[in-house]
Amino acid sequence: MTRRVLIRATGVARPGQLAGLGKALAASGARLLDINQSVTFGILSLEALVGLARESDLEGALATTGDALGLDIQAIQVSAEDYQRWSVQASQPRLILTLLAPHLPAGILAEVGALTAEHGLTVELIHRLSGREPLDGGMPEHGACVECWLRGEEVDLDALREKALALGAMHGVDIALQEDSIWRRHRRLVCFDMDSTLIQTEVIDELARRHGVGDEVAEVTERAMRGELDFQQSFRERMAKLRGLDESVLAEIAESLPLMDGLERLMRHLKRLGYRTAILSGGFTYFARHLQETLGFDEVHANELLIENGKVTGEVREPILDADRKAELLHEIARREGLAMEQTIAVGDGANDLKMLAAAGLGIAFRAKPLVRAQARQSISTLGLDAVLYLIGYRQGDLEEPGQ
């Protein structure tokens with residue numbers, strides 16, 4: 001009968017330790033069943049599960065090997081019951097929990113540990129995706145991010161997300177939960193809302209301010225937020241108030257659009273990594289095309305302002321791009337590019353983006369109102385737009401190009 005033994009080795013990491021341990025195991029006739037190794041702050045931690053079909057003095061060989069390699073090595077007998085339990089755990093679904101913030105308070109670990117335990121989840125692995133904090137104690141350049149791999153039987157993911165959202169709000173930390181799958185690192189299409197997502201303003205409000213009708217447009221917006229008007233009604237009413245605006249104002253505003261934090265870095269990496277990018281906006285093509293020319297978006301879909309004799313007419317070309325059309329376009333682009341919907345990402349901030357976020361494989365509410373954050377599956381509020389890279393699973397060190 002096969003005897004199963006868990007080998008646990010710890011000590012200061014140095015070259016040749018794996019080779020030396022492997023030779024000792026081979027000499028004892030051990031068969032490798034599983035292995036994990038990590039080095040943290042120069043300390044090696046290795047666990048190997050081995051099977052032994054014949055009697056051998058494995059423990060003695062490991063003691064001698066440990067002395068030679070500078071490692072503390074333990075050999076722990078594994079019962080058939082324990083082995084069966086581990087096998088069952090390994091077959092359970094995996095969740096990815098991501099913590100994001102300018103810096104992570106230590107207390108969040110205890111809170112997350114309690115939350116995951118409450119839902120019967122085991123923390124399988126924790127690793128850092130962000131870069132090291134500066135020696136002077138300042139904030140990490142692109143924020144702090146830690147990724148946790150969780151295993152457990154099927155859980156009520158909606159209930160877990162709701163509690164995680166509340167917990168994160170208490171600590172000023174974004175907590176994202178994703179089901180792990182083959183698609184998580186194979187997203188290929190990213191679609192963005194524009195106003196208050198790619199840029200730090202609502203263009204229609206800026207146009208209204210420049211035209212002297214800012215308060216009137218804001219009143220229509222408020223009526224829409226109270227539910228008195230739907231998106232298309234409020235959009236048409238706001239557009240009508242822009243009638244007569246000089247076309248030159250559009251160019252002035254386009255040249256001074258305030259880009260969202262992290263946008264340029266995000267686009268640089270998405271393009272380098274081969275992602276297709278699109279703007280799906282209820283705003284205006286005039287400004288979306290300016291961003292396309294500046295940052296290299298592959299395609300743009302927005303509302304086209306009608307201009308006659310150098311003046312805004314107060315109308316747009318039909319049909320108006322609303323929430324339903326955003327979701328439809330996401331599906332259409334994915335089909336055209338031969339992509340599964342699981343390979344799509346959508347990022348937006350408003351209620352008008354919720355259908356698009358729900359349709360995407362990874363839907364992210366960015367610096368959104370509480371209602372939108374609560375309904376979206378993922379949200380980012382504490383970091384810049386480039387934090388999307390963390391949710392895809394990229395480490396900062398993997399992204400940095402030579403010379404950076």
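Two strands count as paired here if DSSP finds at least two bridges between them. With that in hand, here's a look at one part of this predicted model: an open sheet of 4 strands, with antiparallel pairing, and two helices, α4 and α5, that pack on it.

**The sheet**
- Reading across the sheet, the strand order goes β6-β7-β5-β8.
- At the edges sit β6 (122–128) and β8 (174–179), and each of them pairs on one side only.
- Go from one strand to the next and you'll find a twist that averages 20 degrees.
- Strand β5 (residues 94–101) runs antiparallel to β8, and 6 bridges join the two.
- To pick out a bridge, start at Leu100 and look to β8, where its partner is Asp174.

**Helices on the sheet**
- Helix α4 covers residues 107–118 and touches β5, β6, β7 (144–151) and β8. The direction of α4 makes about 155 degrees with that of β5.
- Helix α5, residues 157–171, touches β5 and β8 as it packs on the sheet. Its direction makes about 160 degrees with that of β8.

**Where the helices meet**
- The α4 and α5 axes are 11 Å apart, and the two helices pack at an angle of about 165 degrees.
- Angles over 145 degrees count as roughly antiparallel, so that's what α4 and α5 are to each other.
- The crossing of α4 past α5 is right-handed.
- From α4, the residues in this contact are Ile108, Glu111, Val112, Leu115 and Glu118. They meet Leu160, Lys163, Ala164, Leu167 and His171 in α5.
- Sorted by type, the residues of the α4 and α5 contact come to 6 nonpolar, 1 polar and 3 charged.

Notes. Residues numbered from 1 in each chain as written. Predicted model: local features only at pLDDT ≥ 70, side-chain atom pairs only at ≥ 80, totals over all residues. Heavy atoms only, no water. Axes fitted to C-alpha atoms, helices over the stretch in contact; angles between N-to-C directions. Contact = heavy atoms within 4.5 Å. Parallel < 35°, antiparallel > 145°, perpendicular 65-115°, else oblique. Left-handed = near helix turned anticlockwise from the far one by under 90°. Nonpolar A, V, L, I, M, F, W, Y, C, P; charged D, E, K, R; others polar.
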